[in-house]
Structure formats: structure tokens, C-alpha cells
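Q: I have a structure open beside its sequence, and I would like to learn how to read its cross-links and its buried residues. Could you take me through it step by step?

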Amino acid sequence: MSNIRHKCFISYHHEDQDEVDEFIRKFDHDKDVFIARGLGEEMASDIINSEDTTYVMKRIRELYLKDSTVTLVMLGKCTWARRYIDWEIQASLRNGETVTPNGLLGIKLPSYSETKGMFPNRLNINLKQSDDQKDCYARYMSYPSRSDTLSKAIDAAFERRSTHVKWINNPRERFKNNRHCE
């Protein structure tokens with residue numbers, strides 16, 4: 001297992017809170033695979049008290065994304081439909097002279113439905129689209145049963161920040177509202 005614990009921004013839908021908290025307890029707190037950054041019960045300083053979307057996104061970038069290196073998108077039943085997930089992935093993929101994008105790794109939660117499940121579009125367009133496509137920026141995995149499997153996947157996502165930047169697909173348009181999910 002890697003000796004480096006990457007700071008990982010955890011992007012998830014609040015309806016998956018219990019599963020995400022368990023994932024963080026197991027792989028951050030107990031097994032020391034990564035350092036969790038983000039909003040939620042298992043993460044410190046998690047309240048941004050505002051209804052102003054621009055302000056909230058600015059604070060998320062300043063407080064959580066700024067010092068993270070990999071974004072873990074926790075895939076549950078309705079993750080694909082949430083605007084904040086789209087915005088967090090968009091902010092994670094920003095690239096420029098003074099900004100390095102985060103690595104991007106989707107992780108299917110135990111409740112993710114293989115038959116009805118969908119990925120957030122911004123994650124999906126950064127995955128391999130066809131056999132003709134040589135490579136891509138993002139990866140996804142099933143819920144890990146072993147710490148070393150997760151550690152290797154996070155390390156690979158971290159490395160892709162420098163080796164696969166040309167594969168980032170990050171359109172400017174973003175969700176204005178949540179999509180309907182049943």
C-alpha cells in the first residue's frame with residue numbers, strides 16, 4: 001500500500017450520507033488510506049451557512065478543493081441527478097496555469113443499482129466512450145473490499161493529473177437545477 005495519503009474531496013448526494021460516512025470511517029479514519037475533505041458528518045468544518053450558490057461554491061473551492069488532489073465521486077442511486085455533484089466535478093477538473101485539476105475517481109456505493117444506476121454526466125464524459133478511444137481522464141470502480149485496492153486506484157487518479165490532462169472534458173455549461181430521480 002502507498003505510504004502517501006492523498007487529500008480526497010468527497011462528492012456525494014446527501015441521501016447516501018450513511019454509506020459515505022461508513023466509507024470515510026473505514027478507509028480514512030480506521031485504515032488511513034486517504035484524508036477526507038468535503039461536507040458531511042464525518043468531515044470537520046462542514047457547514048457553509050448560505051443560500052447564495054456562488055458564495056457556497058467559492059467556499060467549497062477555498063475550504064475543500066483547494067488542497068485536495070483527488071475527487072472521489074460516491075455513486076448512489078440519484079448522484080447523477082444532483083447539480084452540486086456536477087458543479088463539484090466541474091470545479092475539480094478546472095485546469096490552468098495556476099490550477100492543477102484533481103484526479104477523478106467514481107466509486108459505486110453498495111446501494112448503487114447496476115440495472116438502474118447512472119453516472120453523473122460530467123464524470124461519464126471523462127470515461128472511455130468507445131473502444132476506438134485510446135484513453136480517458138477518469139476511472140470508476142466498485143465499492144472496495146480491500147484498502148490496497150482503493151489506495152492503488154487513488155494513486156492512479158492522482159498520477160493522471162499530470163499524465164492524462166489532455167483527456168479532460170469539462171464543458172462550461174452546468175446544471176441549473178437538480179434532475180428528477182425516483
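## Salt bridges, a disulfide and buried residues

A: Let us begin with the charged pairs: the structure, which is a predicted model, holds nine salt bridges.

Q: How should I read one of them, and which parts of the chain does the salt bridge of Lys 7 and Asp 67 tie together?

A: Two things are worth reading in turn, the distance and then the place of each partner in the chain. The side chains of Lys 7 and Asp 67 meet with 3.1 Å from N to O. Since Lys 7 belongs to strand β1 (residues 6-11) and Asp 67 to the loop between α2 (53-65) and β3, the pair ties together parts that are 60 residues apart in sequence. Lys 7 counts as partly exposed at 31% relative accessibility, and Asp 67 is likewise partly exposed, at 30%.

Q: Are Asp 86 and Arg 122 buried or exposed?

A: Both Asp 86 and Arg 122 are buried, and their side chains form a salt bridge with 2.9 Å from N to O. This pair too links distant parts of the chain, with Asp 86 in helix α3 and Arg 122 in helix α4 (residues 121-124), 36 residues apart.

Q: What surrounds Asp 86 within α3, and how many residues of that helix are buried?

A: The general idea is that an α-helix has 3.6 residues a turn, so residues three or four places apart point the same way. In this structure α3 is mostly covered, with eight of its 10 residues buried; among them are Asp 86, Trp 87, Glu 88 and Ile 89.

Q: What of Arg 146, and which residues are joined into a network by shared partners?

A: Arg 146 forms a salt bridge with Asp 148, the closest N and O atoms being 2.5 Å apart, and Arg 146 is partly exposed, with a relative accessible area of 48%. Elsewhere, salt bridges that share partners join Arg 5, Asp 28 and Asp 32 into one network.

Q: Turning to the cysteines, how many disulfides does a search of the whole structure find?

A: The search finds one disulfide, formed by Cys 78 and Cys 181 with their sulfur atoms 2.0 Å apart. The angle about the S-S bond is -80°, and the link is left-handed. Because Cys 78 lies in the loop between β3 (70-75) and α3 (83-92), while Cys 181 lies in the segment after α5 (147-163), the pair ties together parts that are 103 residues apart in sequence. Cys 78 is buried at 8% relative accessibility, whereas Cys 181 is partly exposed at 21%.

Q: Why is Cys 136 not bonded to Cys 8?

A: Distance settles the matter, because the sulfur of Cys 136 is 18 Å from the closest cysteine sulfur, that of Cys 8, which is too far for a bond. Cys 8 is buried at 0% relative accessibility, and Cys 136 is buried as well, at 3%.

Q: How would I read the surroundings of a buried residue, and which residues does Leu 75 touch?

A: One sets aside the sequence neighbours and asks what remains in contact. Leu 75, in strand β3, is buried with a relative accessible area of 0%. Not counting residues up to four places away in sequence, Leu 75 touches eight residues that include Gly 106, Lys 108, Phe 119 and Leu 123. Lys 108, which lies in strand β4 (residues 103-108), also counts as buried, at 10% relative accessibility, and the contacts of Lys 108 include Leu 75, Glu 114 and Tyr 140.

Methods. Residues numbered from 1 in each chain as written. Predicted model: local features only at pLDDT ≥ 70, side-chain atom pairs only at ≥ 80, totals over all residues. Heavy atoms only, no water. Disulfide = S-S within 2.5 Å. Helix = DSSP H or I, 4+ residues; strand = E, 2+ residues; numbered from the N terminus. Buried < 20%, exposed > 50% of the residue type's maximum accessible area, 1.4 Å probe, protein only. Contact = heavy atoms within 4.5 Å. Salt bridge = Lys/Arg side-chain N within 4 Å of Asp/Glu carboxyl O.
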